[in-house]
Amino acid sequence: MNDKQLTGEVYYPSKDVIKHANAKCEKLYEEAEKNLEGFWEKEAKNLKWFKKWNKVLDDSEKPFYKWFVGGKTNIAYNCLDVHVETYRRNKLALIWEGEKGEFRSFSYFALRREVCRFSNILKSLGVKKGDRVTLYMGRIPELMIGMLACARIGAIHSVVYGGFSVEALHERLEDSQSKVLIVADGSYQRGKIVQLKQIADEALQRAATVESVLVVKRTGEDVYMEPGRDMWYHELMNLPIANNSCSVEQVDAEDPLFILYTSGTTGKPKAILHTHGGYMVGTYTTLKYVFDIHEDDRFWCAADPGWITGHSYIVYGPLLNGATSFMYEGAPTHPYPNRWWQMIEKYGINILYTAPTAIRGLMRYGEAWPNRHDLSSLRLLGSVGEPINPEAWKWYYRVIGKENCPIMDTWWQTETGMFMITPLPCTPLKPGSGTKPFPGLKMDIVDEDGKPVKTNEEGYLVIKTPWPAMMRTIYNDPDRYVQQYWSRFPGMYMTGDSAKRDEDGYYWIIGRVDDVIKVSGYRLGTAEIESALVSHPSIAEAAAIGLPHDVKGNAIHAFVILRVGYEKSDKLIEELRQHVGHEMGPIAKPEHIDFVDSLPKTRSGKIMRRVLKARALGLDPGNISTLEE
Ligand code: WTA
């Protein structure tokens, strides 16, 4: 790969980086190319199975693929017990810093103990294999403990991002039919307290299936505790029943591990389902090769465990690799814009994985802040969530990585569970491109008819081979799974993104082609924002679109039609923004709201957001032949 002359601006990895890398580049691509199943089988053998699989890949019921069929394992066992039985017993599994500067750490031994104790509590509350448990809190160790405790006993966790609010939580509790909710009393965000328990109480008024609510004390503020339903986590953990050992549920490889809600093309968020076996092999392998995990690494994925990035690469991937995962509770710029750089220096972080929006946000404060700190522990950097603009890439490379740290720009999705388009440390990089599909994966860019487009032409990004960490279905809605991902182009997985591929085979992601808006890397659906707006008494109809924003990538612009009897005003705009914040969460608050008399619609009544977007950007709206009279 190195000897070929590549086009454009290329950054080659140093000899040291290549020498250090777990992945011997060409060899890995070759091996996987030659024998995809053999490649994944070899990786699976690095993990512990109670019973070996009979078949690596079962594609007899496409698109319901199965991996490691017949195998029995448990991802939480592989994250903890496996290491506790080795020299890693006393190694740190998790280092945590709170926004106010508090510090906590857990060795593998200690983390397993806490997980076991909490597993016993869940069992005593009647949580059984297959039951759903919702977790709703900030970035605190109890979130990781809760997820692993569910996994240990075979329960299905459903983490709801702590930045979501009443309606978003209510919808997810109801759809998942959760038996237990684990919630924090509150969380810290930029020095302020978010009253999570209060939000949960409101959501719970309409969520009939929740029998028990376990409350983690984080802020210590007074909260309402409903008798017979609400219990303090720390009190339960002190009961004799919270025994230090708890047997592991030996689950089937294909048994569900978690559901995670994400926004799609239309309607309600969908519950993406991942399993113990394939997801475990996928996250373990991708993290090992892409971020080149070594024994003494401290890996910091600065995402939130409430999103897939945190699931795969704060919790599961690092622990499966026996690495030390670092978790920080708060905002990057609190109390000063050097907070992140200070922590990298303090803890000796080796790998930082974050989103372009965070980089752009930090860039605004200038180089002096990072330059005050010794960042020489860093070896690799990463980016995820949206396309990274070359300017931000170069700043990250030069100012943070000191031109020594390759940037792994990883493209993937909640649905894919693991990195899909990504460099390896030895890959020559082009700023703004995620380079190539992970070894063994076949991806393509196709036109309306599913035919591959030409070099440098834009088209739909599709995936043509199955991979172990792929979603298995939409929980409770298998038809929607088939329809949404596998119907547009038969035999291919439709990602919902558009992309180009250059003469070197490098992929360049352009953005979503559906009704998903990526705001600061967070994935939101137009439908959810619109339904939050319409739930306000003054609004008859609403349309939301994403428009380019310097820091956030995209910002939400909403167009609303007032009900008769209501008047336009700045006060109403503010009230609507607050309302969306209350229903959905602060990230969904529209940047701009315009009052309009009508919305462009197709003859069948679908809002043509494309037309609104073109209009707002002063562009040609393209084909509008389906536009209503
Ligand atoms: C976008 C996040 C460009 C893309 C892991 C995808 C990216 C969506 C990248 C999934 C990247 C993610 N470059 N775009 N490196 N990574 N995306 O489910 O549009 O929250 O479809 O998963 O984020 O978002 P999700």
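In this predicted model, an oxygen atom of the ligand sits 2.6 Å from an N or O atom in the side chain of Arg523. Of the 520 Å² that the ligand exposes when taken alone, the protein buries 96%. Two further polar contacts can be listed beside the one with Arg523. In the side chain of Lys518, an N or O atom is 2.8 Å from an oxygen atom of the ligand. Glu386 takes part through its backbone: an N or O atom there lies 3.3 Å from a nitrogen atom of the ligand.

The shell around the ligand holds 17 residues, and those that come nearest are Asp409, Thr410, Thr414, Arg512 and Arg523. Arg523 is thus both one of the nearest residues and a polar contact through its side chain. By class, the shell divides into six nonpolar, five polar and six charged residues. Which secondary-structure elements each supply at least two residues of this shell? Helix H12 (308-320) is one, and strand E25 (507-512) is another.

Apart from the ligand, the model has pockets to consider. The second largest pocket contains about 250 Å³ of space. Eleven residues line this pocket, and Tyr29, Glu33, Lys436, Pro437 and Leu441 are the ones nearest its centre. The lining of the second largest pocket comprises six nonpolar, one polar and four charged residues.

Aromatic contacts come next. A pair of aromatic rings is described by the distance of the centres and the angle of the planes. Across the whole structure, a search finds 41 aromatic pairs. One of them joins Phe64 and Tyr481: the ring centres are 5.2 Å apart and the planes stand at 50 degrees, so this pair is tilted. An angle of 50 degrees falls in the tilted class because planes under 30 degrees apart count as stacked and those over 60 as edge-to-face. The pair links distant parts of the chain, since 417 residues separate its members. Phe64 belongs to the loop between strand E1 (55-58) and strand E2 (66-69), whereas Tyr481 is in helix H17 (residues 478-486).

The loop between E1 and E2 also contains Pro63, which is joined to Lys62 by a cis peptide bond with omega at about 0 degrees. Most residues other than glycine have a negative phi, and most peptide bonds are trans. A cis bond is also found from His334 to Pro335, where omega is near -5 degrees. Pro335 lies in the loop between strand E17 (324-328) and helix H13 (339-347).

The last backbone feature concerns phi. Lys402 is not a glycine, yet its phi is positive, at about 50 degrees. Lys402 is placed in the loop between helix H16 (390-400) and strand E20 (407-409).

Note on methods
Residues numbered from 1 in each chain as written. Predicted model: local features only at pLDDT ≥ 70, side-chain atom pairs only at ≥ 80, totals over all residues. Heavy atoms only, no water. 1 Å grid on protein atoms, 1.4 Å probe; cavity = no way out; pocket = protein on both sides within 12 Å on 5 of 7 lines; lining within 4 Å. Points joined across faces, edges and corners; volume = space filled by probe spheres on them. Nonpolar A, V, L, I, M, F, W, Y, C, P; charged D, E, K, R; others polar. Near = heavy atom within 4 Å. Polar contact = N/O pair within 3.5 Å; in protein donor to acceptor, adjacent residues only side chain to side chain. Areas by Shrake-Rupley, 256 points an atom, 1.4 Å probe, with all protein chains shown as cover. Helix = DSSP H or I, 4+ residues; strand = E, 2+ residues; numbered from the N terminus. Phe/Tyr/Trp six-rings, centres within 6.5 Å; stacked < 30°, edge-to-face > 60°.
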